[in-house]
Amino acid sequence: MTAVAPTALQLGLCSCEHCGLLSRAWPGHEEGRCPRCGAGVELRKRDSVQRTWAFLIAAAVCYVPANLLPVLTTKTAAGSDSDTILQGVVLLWSPTGWPLALIVLVASVMIPSAKILALAYLLLSVQHERVDHHDQHGRLYRIVEFVGRWSMVDVFVDAFTAALVQLQPLMSVSPAPGLFFFAAVVVLTMLAAESFDPRLIWDCDGAPEALHAGT
């Protein structure tokens with residue numbers, strides 16, 4: 001017979017997200033104040049699953065025009081040309097430019113879609129209480145959260161390029177609608193990752209009732 005250690009939730013303990021102090025919640029309350037730093041603490045993020053789904057669906061919707069609409073418009077004396085992300089990858093792909101093309105492909109296409117799929121997988125696992133490997137699910141969430149911090153780099157590079165290449169009247173680069181949708185995807189996936197409560201992963205076999213309390 002294997003003994004199951006009680007979870008912090010079962011013991012009425014909650015961790016402060018700011019200073020990490022583990023403190024006991026007020027009897028009969030799910031929220032309170034950290035006795036060390038004074039920040040608000042809660043046993044589980046309120047409506048975590050619903051808010052994460054809302055941000056994630058919005059990100060998935062914006063992901064379509066972000067890849068179908070042009071992200072940059074280049075104007076030269078010969079005319080103007082607008083390129084989508086994939087068209088830019090094709091243009092950059094050459095014997096010397098393929099590393100940059102590969103970076104753009106990974107950062108602009110593969111990582112955003114992987115983040116959306118990973119968060120959807122975590123949400124479905126938590127909702128259906130099918131978390132067999134908690135460590136792997138926790139590691140997956142930490143990867144999504146870490147990658148999200150660097151997702152704005154691509155938007156910054158495009159905006160920087162548009163601001164830098166202004167050789168009028170010979171040449172100019174300006175942002176196109178696709179760039180704004182891509183920025184929306186980045187922000188919405190970051191909000192989705194922030195809204196998701198990773199403690200729900202560990203509730204699946206420890207305290208199922210808490211899963212519903214956190215949603």
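Analyst: Let's start with a term: a strand is a DSSP run of E with at least two residues, and strands are numbered from the N terminus. V41 has its place in one of these, strand β4. Keep in mind that this is a predicted model.

User: How do you know whether V41 is buried or exposed?

Analyst: Look at its relative accessible area, which is 7%. Buried means under 20%, so V41 counts as buried. As for where V41 sits relative to L22, the two are 19 residues apart along the chain, and their C-alpha atoms are separated by 9.8 Å.

User: What makes D47 buried, partly exposed or exposed?

Analyst: D47 has a relative accessible area of 37%. The partly exposed range lies between 20% and 50%, so that's the label D47 gets. You'll find D47 in the loop between β4 (40–42) and α1. Its phi is near 55°, a positive value in a residue other than glycine.

User: And the chain overall?

Analyst: Of its 215 residues, 39% count as buried. The secondary structure adds up to eight helices and eight strands. If you take the contacts with a separation of 6 or more, 63% of them come from residues 24 or more positions apart.

User: How do you know which way α1 and α3 run relative to each other?

Analyst: Check the angle. The axes of α1 (residues 48–68) and α3 (residues 98–127) cross at roughly 155°, and they come within 10 Å. Angles over 145 degrees count as roughly antiparallel, so α1 and α3 are roughly antiparallel to each other. The crossing is left-handed.

User: Which residues of α1 and α3 meet?

Analyst: On the α1 side they include W53, L56 and Y63, and on the α3 side I116, L119 and L123 are among them. Sorted by class, the contact of α1 with α3 has 13 nonpolar, four polar and no charged residues.

User: What makes α1 parallel or antiparallel to α6?

Analyst: Same kind of check. The axes of α1 and α6 come within 8 Å and cross at roughly 160°. With the cut-off at over 145 degrees, α1 is therefore roughly antiparallel to α6. This crossing is left-handed. The contact includes F55, L56 and C62 of α1, plus F181, V185 and L188 of α6. Its residues divide into 15 nonpolar, five polar and one charged.

User: Why is something called a nonpolar core?

Analyst: The residues have to be buried, come from a set list of types such as Leu, Ile and Phe, and be joined through side-chain atoms within 4.5 Å, so a group that meets those conditions gets the name. The largest nonpolar core here has 33 residues, and those with the most contacts inside it are L56, I85, L119, L122 and F196. Among the elements giving two or more residues to this core are α1, α3 and α6. The most come from α3, with 10 residues.

User: What is I85 in contact with?

Analyst: Contact means heavy atoms within 4.5 Å. Leaving aside neighbours within four places in sequence, I85 is in contact with A66, N67, V71, V104, S108, V109 and F182. There's also a second, separate core of seven residues, which includes C14, C16, A39 and V41. That's our buried V41 from the start.

Terms used:
Residues are numbered from 1 along each chain as its sequence is written. This is a predicted model: local features need pLDDT of at least 70, side-chain atom pairs count only at pLDDT 80 or more; totals for chains, interfaces and linings use all residues. Side-chain values use heavy atoms; hydrogens and water are left out. Axes are lines fitted to C-alpha atoms, for helices over the stretch in contact, and angles run from 0 to 180 degrees between N-to-C directions. Helices (H or I, at least four residues) and strands (E, at least two) are DSSP runs, numbered from the N terminus. Angles under 35 degrees count as roughly parallel, over 145 as roughly antiparallel, 65 to 115 as roughly perpendicular and the rest as oblique. A crossing is left-handed if the near helix is turned anticlockwise from the far one by less than a right angle, and right-handed if clockwise. Ala, Val, Leu, Ile, Met, Phe, Trp, Tyr, Cys and Pro count as nonpolar, Asp, Glu, Lys and Arg as charged, and the others, Gly among them, as polar. Buried means under 20% relative accessible area, exposed over 50%, partly exposed in between (1.4 Å probe, protein chains only).
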